[in-house]
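Reader: I would like a close look at the sheet in this protein. Please take me through its strands and what packs on them, and define the terms as you go.

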Amino acid sequence: MKLSSLPTRQELFFKGRAGDPRLGEWVKSTQEIEKAPLEKESFVILGTPDDTGVVRNLGRPGAKEGPDSIRKHFYKMAQPMDLLWERHIELLDVGNTQVSSSILETHQNAQKLSSQISSLGHSLVTLGGGHDVAAPHFLGFVAGRKSLNPREKVALINVDPHLDVRELEQNLPHSGTPFRQILESEVISGESFVEFGARSNRNSRNHFDYVKKRNVLVMTLESLRMRSETILEAFKLQLDRLARSHHSIGVTIDMDSCSEAEGMSAAPVIGFSASELYTLAALAGSQLKVRFFEIAEVAPPLDTSERSSRIAAELLYAFLRSRTLALKSVL
């Protein structure tokens, strides 16, 4: 599938009134995607509006409506007054992955598109859908990066109450399997992966044993709350540590980690606050080696006033605003 053949989401590119420009007036659509990035870093948004994996994992459906709902609220935001994003970054939106009745075919489509985007030198912003799409999105991203540099070493941080290393069922993935798939693909090692904010009562002993054997660093929410350093300091420490030994980093945020949002397949009671997640997203944006940023598991039908979509849009804003500031500071 050619990237330029994807249907655009221009109906969501919100425009403000005279003298009140919005982010939707700045984003570019599919037709610009195959132009190689030049002096500015370019971010490409790709959605995969599918919750088949959530249903297979016995979660509540609705995440298939997440990508466009996040876009809608993000593109309504005002253009920042304190800096001109367009001087430092390009933002493009290629629309959504073609979804099939077969979860394997949907994943193949998502992985191929992610790889194509990454191989053109773009940074990638992906929107789920269920968190199962983290596997094809990230595997495609890594394949694209390695096509540019075969020696590329990539790391990943998962902000999530769930480890998501369940076994495949009937050889099919679901929203509980993505990081087992990523680890067993061997595109990254366990030492290159951090599970940030996992809950001790949301994961089985077998799954904690699995990531331990893989040498994955697991920072549970319980341990983070008890540390002398703040959660934000702990997250920055991991970003900086991975940046020293890797060429690029991915950060994926499952909105199940947000205690103030309800519209997810597995709404939490305990978790990070929306403000904490906002700062984590901003920290990710400030680290120039973070070239993959993902938000998953937003299910608008399960929410009041699309609050979870609005929080997710704020995280995307925080990430891109922080990246703009970081790029501005090095120029």
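Author: What follows describes the sheet, then the helices against it, and then the open and closed spaces.

This is a predicted model, in which local features need pLDDT of at least 70 and side-chain atom pairs count only at pLDDT 80 or more, while totals for chains, interfaces and linings use all residues. Residues are numbered from 1 along each chain as its sequence is written, and side-chain values use heavy atoms, with hydrogens and water left out.

The protein has 10 helices and eight strands. Both are DSSP runs numbered from the N terminus (helices: H or I, at least four residues; strands: E, at least two). An open sheet of eight strands runs in the order S2-S1-S3-S8-S7-S4-S5-S6, with parallel pairing. Two strands count as paired if DSSP finds at least two bridges between them. Strand S2 (89-96) and strand S6 (217-220) are at the edges; each has a single partner strand, so one side of each has no neighbour in the sheet. From one strand to the next, the twist averages 15 degrees. Angles run from 0 to 180 degrees between N-to-C directions, and axes are lines fitted to C-alpha atoms, for helices over the stretch in contact.

One pair can be followed in detail. Strand S1 (residues 41-48) and strand S3 (residues 123-128) pair in the parallel sense over six bridges. Leu46 has Thr126 in S3 as its bridge partner.

Helix H2 (residues 66-75) packs on the sheet and touches S1, S2, S3 and strand S8 (290-296); contact means heavy atoms within 4.5 Å. The direction of H2 makes about 145 degrees with that of S2. Helix H3 (residues 103-119) also packs on the sheet, touching S1, S2 and S3, and its direction makes about 175 degrees with that of S1.

Now the spaces. On a 1 Å grid over the protein atoms alone, a cavity is a set of points where a 1.4 Å probe fits but cannot get out; a pocket is an open set with protein on both sides within 12 Å along at least five of seven lines, and lining residues have an atom within 4 Å of a point. A volume is the space filled by probe spheres set on the points, which are joined across faces, edges and corners. The largest pocket has a volume of about 300 Å³. Its lining has 21 residues, of which Asn57, His162, Asp164, Arg166 and Gly176 lie nearest the centre of the pocket. The largest cavity has a volume of about 30 Å³, and its lining residues include Pro161, Arg199 and Phe272.
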